[in-house]
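Biologist: Could you take a close look at one part of this model for me? I'd like to hear how it fits in with whatever surrounds it.

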Amino acid sequence: MTGQPIRSMVDEESGWAPVSHSPEETQALGVQIGELAQPGDIYLLVGKLGAGKTCLTQGIAWGLGIKEYAASPSFVLLRELHGRLPLYHVDLYRLDRTEEVADLGLDDYFYGQGVCVVEWADRGLPVLPPAHLLVEIKYLDENSRHIRLKPNGKRYLDLVAQLREKVAHANSH
Ligand SMILES: Nc1ncnc2c1ncn2[C@@H]1O[C@H](COP(=O)(O)OP(=O)(O)OP(=O)(O)O)[C@@H](O)[C@H]1O
Ligand SMILES: [Mg+2]
C-alpha cells in the first residue's frame, strides 16, 4: 500500500477548510461554532502570531451567549467566562515545553462540562485530549485566512458536518 494512512484520508474528507476574508467573517464562523458547542467540547487552535485565534475565540464566546468578551493579551493562561455553557479559554503561548503544559493541571477543565478553547495548542498537543476539533489558521494576506477544521473523533466529525450545513444555510439568507 502506498499513499496516505487511512486516518489522514478520513480527516481530509471529513475536514473543512473555508477561507475567511475579514476578521468579522472569522468571528461569524466562531459564532456558529459557539452555537453548536456541547458540554465537554475541545477546540485546539493552531496558527502563528496574529493568525486570528483570538478573533475566532471571540466569536465562539458570542455564540455561547457570552457578552463580556474582550480581546486580551496572550499572557493570560486561562480564563473562564460564562454563557449558555462555561467557556475555558486557554492560551499556551508562554509555555515552550510540553511537560509544562502537562503540569498545569488542566484536565478538570478538559474533561468537565464546559467548552475548552486552547490557543497555541501546538505547544502541548501530546498531552492534550485526543478527541478534539483541531483548527489551523493560516495567513493568506492582510485580510484573508485559511481556517482548516480537522475533526478527531465522532463528536467532532458530527460538529464539522453540522457546521458546514449551518454556515451554508446562513449564507443563503
Ligand atoms: N480574516 C481574518 N480573520 C481573523 N483575523 C484577521 C483577518 N483579517 C485580518 N485579521 C487581523 O488579524 C489579527 C488577528 O489577531 P488575533 O489576536 O486574533 O490573532 P491570534 O492568532 O490570537 O494571535 P496571538 O498568537 O498573538 O494570540 C487581528 O488584528 C485581525 O484584525
Ligand atoms: Mg491570541
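Modeller: Here is a walk through the ligand surroundings and the helices linked to them, with some background first.

This is a predicted model, in which local features need a pLDDT of at least 70 and side-chain atom pairs count only at pLDDT 80 or more, while totals for chains, interfaces and linings use all residues. Residues are numbered from 1 along each chain as its sequence is written, with chains lettered from A and ligands numbered from 1 in the order in which they are written.

On confidence, the protein chain has a mean pLDDT (the predictor's confidence in each residue, from 0 to 100) of 89, and 88% of its residues reach 70 or more. The spot to treat with care is residues 1-10, where pLDDT is below 50. Beyond near neighbours in sequence, that stretch has one contact in the model, a contact being two residues whose C-beta atoms, placed from the backbone, lie within 7 Å. Among the elements, helix 1 (residues 6-14) has the lowest mean pLDDT, 51, and strand 2 (residues 42-46) has the highest, 98.

As for the overall layout, there are six helices and seven strands, taken as DSSP runs numbered from the N terminus (helices are H or I, at least four residues; strands are E, at least two). Along the sequence they read α-β-α-β-α-β-β-α-α-β-β-β-α. Of the contacts with a separation of 6 or more, 70% join residues 24 or more positions apart.

Now the ligand. Around ligand 1 there are 19 residues, and Thr 26, Gly 52, Lys 53, Thr 54 and Cys 55 come nearest; a residue is near a molecule if its C-beta atom, placed from the backbone, lies within 6 Å of it. Helix 2 (23-36), helix 3 (53-63) and strand 7 (144-152) each give two or more residues to that shell. By type, the shell holds four nonpolar, 11 polar and four charged residues, where Ala, Val, Leu, Ile, Met, Phe, Trp, Tyr, Cys and Pro count as nonpolar, Asp, Glu, Lys and Arg as charged, and the others, Gly among them, as polar.

Take helix 3 from that list. It is largely enclosed by the rest of the structure, because 10 of its 11 residues are buried. Buried here means 20 or more other C-beta atoms within 10 Å of a residue's own, exposed means 12 or fewer, and partly exposed is in between, with C-beta atoms placed from the backbone. The buried set is Lys 53, Thr 54, Cys 55, Leu 56, Thr 57, Gln 58, Gly 59, Ile 60, Ala 61 and Gly 63. Their cover includes helix 2, strand 2, strand 3 (78-82), strand 4, strand 5 and strand 6. After helix 3 comes Gly 65, with a positive phi near 80°.

Next, helix 2. At 1.5 Å a residue, its 14 residues should span 20 Å, and the end C-alpha atoms are indeed 20 Å apart; the expected span is 1.5 Å times one less than the number of residues. Thr 26, Gln 27, Leu 29, Gly 30, Val 31, Ile 33 and Gly 34 are its buried residues. They pack against strand 1 (19-20), helix 3, strand 7 and helix 6.

That leads to helix 6 (residues 154-171), whose 18 residues should span 26 Å, in agreement with the 26 Å between its end C-alpha atoms. Its buried residues are Tyr 156, Leu 159 and Leu 163. They cover an arc of only 50° around the axis, which puts them on the same side of helix 6; the arc is that of the directions from the helix axis to the C-beta atoms. Lys 154, Glu 165, Ala 168 and His 169 are exposed on the other side. Covering the buried residues are, among others, helix 2, strand 6 (132-141) and strand 7.

Val 167 also sits in helix 6. Val 167 counts as partly exposed, because 16 other C-beta atoms lie within 10 Å. Leaving out residues up to four places away in sequence, Val 167 touches Leu 29 and Gln 32. The C-alpha atoms of Val 167 and Ile 33 are separated by 9.6 Å, although their positions lie 134 residues apart along the chain.
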